[in-house]
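Colleague: I am new to this structure and would like a close look at a single part of it, the place where its domains meet. Please take me through that part carefully, and then show me how the pairing of charged side chains seen there continues elsewhere.

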Amino acid sequence: MSSSISSLKKHFQLDPKFTYLNHGSFGACPYPIFNEREKWQKKIEFQPVSFIQDDAIDSLEKSRKALSSYIHCDKDDVVYFPNPTTAMNMVIRSLDLKAGDEVLSSNHEYGAVERTWKFAASKKGFSYKSIDIPLPFNRQDFLNRLKDNINSKTKIIFLSHITSPTAIIFPIDEVCKLAKELGIMTIIDGAHAPAQIDLNLSTLGADIYTGACHKWMLCPKGVAFLYASKTYQNILEPLVVSWGWESDNPSHSQFLDYHQYQGTNDISTYLTVPKAISFLKEYNWEEVRDYCHEKIIETRNILIETVSSEPICTDEDLGQMTSLKINVDDADQLYRFLKTNNIEIPIFTWNGQNLLRVSFQCYNSMEDISILNKFLSKFLNGN
Ligand SMILES: Cc1ncc(COP(=O)(O)O)c(C=O)c1O
């Protein structure tokens, strides 16, 4: 392992007894960024009134500015939410969809957000159409299936940028291009994208995009962003109505007024974003990410032998995670077996099959993969 990358492990607070192979679910936050949160919390508690009444908006603006230059958009086109599900709830509940309208999506979506769509569909009468994208994944076949399902009722295309159960990078740039040509709105769940892949919202062309900062960007838990292009900002209603609605002192942006302040809250996680970005820059994160990408391919090639299956996509469709089909009757029993042996790794039941998802972050090594491989082999083959 490159020594500079292996030295990054010391920054993380993870229980050293565990082989932690699930960065994807909730991330892991290194000390320098975690300490930055504490710094902001202390600042807030030192002068609560001054901070919340006078400084919070400016501090948030500085944070949005750093984020927007990292993801390439206007600083006033992003607001923070505690997590992508909350951000997506705000968006989905705002949409003026009715019986006869269709939202086109896939069967690789994240359960909580899929539930939000189904909840809204059951209330408003529109149809949430989840199209089957089979494995092994093939980009052209995916785009063809999407095109084949678009019709005059299709009002929105909703897709993950990187899928949760299958860990596949969908070709969202091509989806957005196609949707734009057809006048269809795009809503993208990019929870896993920031810092796992390059994210340039100005060239991607999504109308609405949410991303988590507490996953691959390494912030403490509780910070995600919602980007909305200017065309759609005015249709978005506040999830929690607060002082920004019919504001006594409106800013230049209804979008910021409606979504930035939702009552007294601990915004310290939101304010760690500039520190997280400088941490990523300081440690040349493009190199770290490329290294982890190589390692996840190596990992998949090792584990595929043990679980006797085939790759579910090409190397180019992967970032720092990979999912493998695993043939077990009781996925929960395998999960508990691995956990008892101090291995943290998720197993998803997806489309009638079990998928083991491995994440590779800078604190992981091929030694972790050997440990996983040893216990997988023991469970599956008894040796
Ligand atoms: C694709 C995807 N979307 C959204 C989320 C957001 O999850 P939550 O809002 O529950 O933290 C996740 C979390 O893993 C995810 O994988």
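**Where the two domains meet**

Modeller: In the boundary you ask about, 27 residues of domain 1 are in contact with 26 residues of domain 2. All of this should be read as the description of a predicted model. According to the domain assignment, domain 1 is made of two stretches of chain, 3–21 and 284–381, while domain 2 covers 34–280. Taken over C-alpha atoms, the centres of the two domains lie 27 Å apart, and the area that domain 1 and domain 2 bury between them comes to about 2200 Å², with 57% of it on carbon and sulfur atoms. Within domain 1, the residues that lose the most area to domain 2 are Trp 285, Asp 317 and Trp 350, which together account for 29% of what that side buries.

Asp 317 deserves a second look, since this residue also forms a salt bridge with Arg 139, in which the closest N and O atoms are 2.9 Å apart. Across the interface of domain 1 and domain 2 there are two salt bridges, and the residue pairs in polar contact between these domains number 11. As for the elements involved, helix H13 (285–307) and the strands S9 (321–326), S11 (347–350) and S12 (353–359) each supply at least two residues of the side of domain 1 that touches domain 2. Strand S9 gives the most to that side, with four residues. Sorted by class, the side of domain 1 that touches domain 2 holds 11 nonpolar, 10 polar and six charged residues.

Helix H13 also carries a charged pair along its own length. Glu 298 forms a salt bridge with Lys 295, the closest N and O atoms being 2.9 Å apart, and because these residues are three places apart in helix H13, about one helical turn separates them. Glu 298 is partly exposed, at 35% relative accessibility, whereas Lys 295, at 14%, counts as buried. Elsewhere, salt bridges with shared partners join Glu 61, Arg 64, Lys 75 and Asp 76 into one network.

A comparable arrangement occurs in helix H6 (residues 111–124), where Glu 114 and Lys 118 are four residues apart and therefore separated by about one helical turn. Their salt bridge has its closest N and O atoms 3.9 Å apart; Glu 114 is buried, with a relative accessible area of 18%, and Lys 118 is partly exposed, at 47%. An α-helix has 3.6 residues a turn, so residues three or four places apart point the same way.

Over the whole structure the search finds 20 salt bridges. One that joins distant parts of the chain is the pair of Lys 230 and Asp 77, whose side chains meet at 2.5 Å, N to O. Lys 230 belongs to helix H10 (residues 230–233), and Asp 77 to the loop between helix H4 (48–71) and strand S2 (78–81), 153 residues away along the chain. Asp 77 is buried, with a relative accessible area of 6%.

Finally, helix H5 (residues 84–94) is largely enclosed by the rest of the structure, because eight of its 11 residues are buried. Among those buried residues are Pro 84, Met 88, Asn 89 and Ile 92.

Definitions and conventions:
Residues are numbered from 1 along each chain as its sequence is written. This is a predicted model: local features need pLDDT of at least 70, side-chain atom pairs count only at pLDDT 80 or more; totals for chains, interfaces and linings use all residues. Side-chain values use heavy atoms; hydrogens and water are left out. Buried means under 20% relative accessible area, exposed over 50%, partly exposed in between (1.4 Å probe, protein chains only). Domain bounds come from an automatic or database domain assignment. Contact means heavy atoms within 4.5 Å. Buried area is the accessible area (1.4 Å probe) that two parts lose on being put together, summed over both. A salt bridge is a side-chain nitrogen of Lys or Arg within 4 Å of a carboxyl oxygen of Asp or Glu. A polar contact is a pair of N or O atoms within 3.5 Å; within protein, one must be able to donate a hydrogen and the other to accept it, and residues adjacent in sequence count only if both atoms are side-chain atoms. Ala, Val, Leu, Ile, Met, Phe, Trp, Tyr, Cys and Pro count as nonpolar, Asp, Glu, Lys and Arg as charged, and the others, Gly among them, as polar.
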